[in-house]
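Welcome! Take a look at the sequence and the structure below, and then work through some short exercises with us.

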Amino acid sequence: MDALTRNKKKVAHSQTPLYKRTNSSPLKKAAKSQKPPLKKQRKGISEEKPLEKPEVSTDEEEEEEENEQSDQGDEGSESGSDFFSDGDEEEGNNDGDDEDEDSEPLAGDFLDGSDHEEGTLGSDLDSDFGGSKLERKSRAIDRKRKKEEQDAEDEFKMNIKEIPDEFQLPTQKELEEEARRPPDLPSLQMRIREIVRVLSNFKDLRPKGDKHERNDYVEQLKADLGSYYGYNEFLIGTLIEMFPVVELMELIEAFEKKRPTSIRTNTLKTRRRDLADVLLNRGVNLDPLSKWSKVGLIVYDSQVPIGATPEYLAGFYMLQSASSFLPVMALAPREKERVVDMAAAPGGKTTYVAALMKNTGIIYANEMKVPRLKSLSANLHRMGVTNTIVCNYDGRELPKVLGQSSVDRVLLDAPCSGTGVISKDESVKTSKSADDIKKFAHLQKQLILGAIDLVDANSKTGGYIVYSTCSIMIPENEAVIDYALKNRDVKLVPCGLDFGRPGFSSFREHRFHPSLEKTRRFYPHVHNMDGFFVAKLKKMSNAMQPSGNDEPVITMEQAQVSSSDDDDEKVEAIEELEKPHVANGQPKRESNTRENKNKQKIPRSKEIHKGKRNKYTKTGSSNVEEPRKQKKKRSQWKNEIAQAREEKRKAMRENAKEKPKHRG
């Protein structure tokens, strides 16, 4: 009876409402409303699924794992019920097997109640299933990424050869193999870095046991830089001679980048502050150029074309590189002066000069190439310049056109090889050679002599010549200035620029005038502008030859004229000697006298040439006074030639007058 009463109590307990037995929230009640399948049914479903679908997806595997967890919970509940049932068996030992069998369905009911509770937990897990799925996906992506990185690292190690601890130059055989294959840029770059590192301190960083000399490393660096950056052998060799290897790499890397865009405010029409405000409103991002310029602006980016704004078309500013400001700043023209721009197109420097002169005085804007005159005149009109005369002459002929010693200042931005603006024109890397540099240097020497001859040394405010190029080659810069110092009475003065590197006073076997340190050089890797050279000369006198103890040097034109004069004299003398003599006496005497004169002329010229040779062969204490004496003798020699010509002309005139008389 006791067992029956206990079973009845259990049945009553199992029949109590579920929400009273489990203190769950309303959310759990809603979840319980959807009763999960019973334990046996779930097992049946899990057993049927593998038969229907042999390939189970990840979501199905997750459901099976949850089902196994719930099964484990059910087994735990069964063990708990067995525990209680065992206790009941101990209390009622007289109960038979029938009572135990009767208690099993009641225990099943109790277990069914626990299944409902587990079903509520399973529903909670299903609600959190989306979050756990995202976490698993993120972990899978992380594993995939790590695997890709590891594979890439392994592939990189397989592709790259093992590099020895100490760098060694490639052998001739390795170089021949490289020449057969396409260029391997990563290995070239790595080798360039190693060579630069070794050459920066060759004595200490040279590999132990390496028998190669410094010259071998330099030659290999030339070849590698030429193939990697695309320079020809001449240009890269010249740059290596001019710069240390570390600075050379900075210069070459700077040539590979574009220089920032800069504009110059036209002070004839506006101010820099007002122009900057207007352009900022148009979406132009800009800043003042630098402290050394009061009119320059640097443009970073623009929402509108900077060369097609209404302000540009109205002449408020000029697109001009920062390096082009420097020659005009060095010239420093004043109002009401006469200024010549010998190579003016496209007009950036000319309009800057006009703005500094406030449209007063006169500017002669010369340009030799006719097609470039259109851009020059267009910019002058657009910028509102009214004091400029545009002319089309060869710069070497300008002294004959405008007159010698006729202007106050001359700006000569000479045509050059353009080795300072490689970032704008990369064809310079391969197109320029040593012959091109020599041709440009010869033309520049002729132009600078013409510029000096134009300037009046007695000008109250002027007497200055500014020479500039967009080249960094020494034959086009320092060598030209040194030539001008030797052939004209000029001297170098400070450029008036607070920055820039001084020019070379010596380069390899060349020795220039010490005052060339007053010239200024500008580099892209130092000043963030195009490579440029600026020199300012002051004319001391209008004499053609320099004064002082400097040895005078005859220009090429003068040498050609003097040599042609000598040849003319010799030819004319020979012709006179070869003329047939007249039979009568008087004309014969005159011809004899002319022959004697011609005979006298020839020995004089020979004596002059002998004297010339003796001057150059003299040595000793007389070297100091030699240039002055040489100058006087040269002038006497020219006078003698002129006198001989006059005498010859008189004799020919007299002979022409006497010939008709003899015929009559």
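Three exercises with worked solutions follow.

This is a predicted model, in which local features need pLDDT of at least 70, side-chain atom pairs count only at pLDDT 80 or more, and totals for chains, interfaces and linings use all residues. Residues are numbered from 1 along each chain as its sequence is written, and side-chain values use heavy atoms, with hydrogens and water left out.

**Exercise 1. Find where Cys470 lies and what it touches.**

Step 1: Start from the record: UniProt, in an unreviewed entry, puts the feature "active site" at Cys470; such annotations may be inferred rather than shown by experiment.

Step 2: Cys470 sits in the loop between β9 (464-469) and α22 (478-487), where helices (H or I, at least four residues) and strands (E, at least two) are DSSP runs, numbered from the N terminus.

Step 3: Leaving out residues up to four places away in sequence, Cys470 touches Cys416, Gly418, Thr419, Gly420, Val421, Gly531 and Phe532 (contact means heavy atoms within 4.5 Å).

**Exercise 2. Sort Cys391, Cys495 and Cys470 into buried or partly exposed.**

Step 1: Buried means under 20% relative accessible area, exposed over 50%, and partly exposed in between (1.4 Å probe, protein chains only).

Step 2: Cys391 is buried because its relative accessibility is 11%, and Cys495 is buried at 4%.

Step 3: Cys470 has 21%, so it counts as partly exposed.

**Exercise 3. What is the mean pLDDT of the protein?**

Step 1: pLDDT is the predictor's confidence in each residue, from 0 to 100.

Step 2: The mean is 75, and 64% of the residues reach 70 or more.
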